[in-house]
Amino acid sequence: MKKKHTVYISRPVLISIVAFVLPMCLLIVFFSLSSGLPDRVPTHFTNGIGIDGWGAKSELYPLPIIPAVLGAITIPLAVVFDKKEIPFFSYFASGISLFVTVLMALVIAMFLKAAGV
């Protein structure tokens, strides 16, 4: 009887995979909605004043790319830290990635709402 090989994914690595998948979803949603943006969009908000900066919609492209890059970096970090048996750093990197993803998603939602999408 053959033994079946089971793949074990540790919790830190699994969380880092989630921290990669969520920014990819944000990236896909943003670029699918960006085609409906006008050529001139708000690019800066000031507390108390509101929109005080306008620019091309291409200025918003880094917003979903930054969390995607951080999410891609967390997977190898999680694997290395898991092999070295120090999962705290893996959790920390994944947490930073998830925080940046949520923060950028809120910023993107604010800009898209102000742009009328």
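This is a short selection-by-selection tour of a predicted model.

**Stop 1: helix H3.** Start by selecting 87-115, which is helix H3. H3 runs for 29 residues and covers 42 Å from first C-alpha to last, close to the 42 Å you'd expect at 1.5 Å a residue. Now show side chains for Ser 90, Ala 93, Ser 94, Ser 97, Val 100 and Thr 101, all buried. Carry on along H3 to Met 104, Ile 108, Phe 111, Leu 112 and Ala 115, which are buried too. What do the buried residues of H3 pack against? Bring up H1, strand S1 (40-46) and helix H2 (62-83), and you have the partners. Before leaving, click on Gly 116, which follows H3 and has a positive phi, near 90°.

**Stop 2: helix H1.** Next, select 11-33 for helix H1. H1 has 23 residues and reaches 33 Å between its first and last C-alpha, close to the 33 Å expected at 1.5 Å a residue. Colour Pro 12, Val 13, Ser 16, Ala 19, Pro 23, Leu 26 and Phe 30, the buried residues here. On the other side of their contacts sit H2 and H3.

**Stop 3: the core.** Keep those helices on screen and make a new selection: Leu 26, Phe 30, Leu 37, Val 41, Leu 60, Leu 63, Val 100, Met 104, Ile 108, Phe 111, Leu 112 and Ala 115. Together these 12 residues form the largest nonpolar core. Which helices each supply at least two residues of this core? H1 and H3 do, and H3 gives the largest share, with 6 residues. As background, nonpolar side chains in soluble globular proteins tend to be buried together.

**Stop 4: the hairpin.** Finally, switch to a backbone view and select S1 along with strand S2, residues 50-56. S1 and S2 run antiparallel, and 6 bridges join them. Two cross-strand pairs are worth labelling: Arg 40 stands opposite Ala 56, and Pro 42 stands opposite Trp 54. How many residues lie between the strands of this hairpin? There are 3 residues between S1 and S2. Zoom in on Gly 48 in this hairpin to see a positive phi near 90°.

Definitions and conventions:
Residues are numbered from 1 along each chain as its sequence is written. This is a predicted model: local features need pLDDT of at least 70, side-chain atom pairs count only at pLDDT 80 or more; totals for chains, interfaces and linings use all residues. Side-chain values use heavy atoms; hydrogens and water are left out. A nonpolar core is a set of buried Ala, Val, Leu, Ile, Met, Phe, Trp, Tyr and Cys residues joined through side-chain atoms within 4.5 Å. Buried means under 20% relative accessible area, exposed over 50%, partly exposed in between (1.4 Å probe, protein chains only). Helices (H or I, at least four residues) and strands (E, at least two) are DSSP runs, numbered from the N terminus. The expected span of a helix is 1.5 Å times one less than its number of residues. Contact means heavy atoms within 4.5 Å. Two strands pair if DSSP finds at least two bridges between them.
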